[in-house]
Amino acid sequence: MRAEVRGLDFHYDKFHALKDINLSIGSNQVTALIGPSGCGKSTLLRCFNRMHDLYPNNRYSGAITLMPENLNIVGPDVDPMRVRLRIGMVFQKPNPFPKSIFDNVASGIMIRGVRNKSVVTEHVERALRGAALWDEVKDRLGKSAFELSGGQQQRLCIARALAPNPEIILFDEPTSALDPIATARIEELIDELRAQYTIVIVTHNMQQAARISDRTAFMHMGQLIESGPTAEFFTNPKEQKTHEYMVIPPQNQRSEK
C-alpha cells in the first residue's frame, strides 16, 4: 500500500464536501475514482496534493497517510509545497505554460532547486521520454508549447509532472478534452507509467476505468460507496447504488453538489 485514506472529511467553508472517506491506494497501481458529476471525486483527488490550500476557508480532518513513513499529508503541520513535490497532478485540459517546450518541463525541475544547466537538460529529456514525447519534440525544444497538438500538450503536462520525480501522479479526467486517438495514447502512457509510479485517476468514463485501472472506487454525494479490484467491481458490484450507476446512463442521473 502506498497511501491510505482514513476518516477523511473536507469542507469548502460551510459545505461538507467529503464525508468519512476510507480508501487504500496500492503501490504501482492505477486507482480510478468514478461517480456522477459533483459527487466529490475531483475534490478527493485534490486533497492528495493539497490543492485546496490555495483557497481560503477550506479545511481537512482525518488523514491521508503516505507509506512507509506514516506521514499524514493533510495534517496541519505539513507544508503543502513539500506535498506537491511528492505528488504531481495532470488536469482535465492541457495547461502548458506560455513558454518553450523545454522551459515547461524545466519549471517542474527547478521547483526542487536544480539550477545546473546540464542536470536540468538531462532531467528534461528523461521526463519527455517518460511521457513518450521526446522523439516528437527533440528537434524543437525551443519552440512554444502552444505549437503542439492537444494530445501532445497533455503529454507535455505529464512530462512536467514527472520532472520533479514524484511518488504519486494524479490525473483529473486527463482525456476528456482529447480525440479518440490522443485518448488511446494517454491511456497507453498511463499503463506504462504504473511500473514506476502510483496513479490515481478521476474519470467520467466507466469503460476507461475498466480498461486502465487495477482498482476502482465509486463515489456518491461526497461519500465513498464501494471500492475493490476493477474486474470484480464491474462484474459483481456489492452495493445497490453502484449497480444503479452502472446501468443508468450518467446523463440521466441527478448531479449532486
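**Close-up 1. Strand β6 and the lining of the largest pocket in the predicted model.** With four residues, β6 gives the most to the lining of the largest pocket. This strand, spanning 87–90, is one of several elements that each supply at least two lining residues, the others being α2 (80–86), α3 (101–110) and α6 (150–162).

**Close-up 2. Space and residue character in the largest pocket.** The largest pocket holds about 450 Å³ of space, and among its 20 lining residues Arg 84, Gly 88, Met 89, Ile 111 and Arg 160 are the closest to its centre. By residue class, the lining comprises 13 nonpolar, five polar and two charged residues.

**Close-up 3. The open sheet of four strands.** The strands follow the order β2-β1-β4-β5 and pair in the antiparallel sense. Because β2 (15–25) and β5 (71–72) stand at the edges and have a single partner strand each, one side of each is left without a neighbour in the sheet.

**Close-up 4. Pairing of β4 with β5.** Strand β4, which covers residues 58–66, is joined to β5 by two bridges in the antiparallel sense, and Leu 66 stands opposite Leu 71 of β5.

**Close-up 5. The span annotated as a domain.** An unreviewed UniProt entry places the feature "domain: ABC transporter" at residues 3–246. In the predicted model, the end C-alpha atoms of this span lie 27 Å apart, and its residues are 36% helix and 26% strand.

How values were computed: Residues are numbered from 1 along each chain as its sequence is written. This is a predicted model: local features need pLDDT of at least 70, side-chain atom pairs count only at pLDDT 80 or more; totals for chains, interfaces and linings use all residues. Side-chain values use heavy atoms; hydrogens and water are left out. UniProt positions are given in the numbering used here, feature names are shortened, and annotations may be inferred rather than shown by experiment. On a 1 Å grid over the protein atoms alone, a cavity is a set of points where a 1.4 Å probe fits but cannot get out, and a pocket is an open set with protein on both sides within 12 Å along at least five of seven lines; lining residues have an atom within 4 Å of a point. Grid points are joined across faces, edges and corners, and a volume is the space filled by probe spheres set on the points. Ala, Val, Leu, Ile, Met, Phe, Trp, Tyr, Cys and Pro count as nonpolar, Asp, Glu, Lys and Arg as charged, and the others, Gly among them, as polar. Two strands pair if DSSP finds at least two bridges between them.
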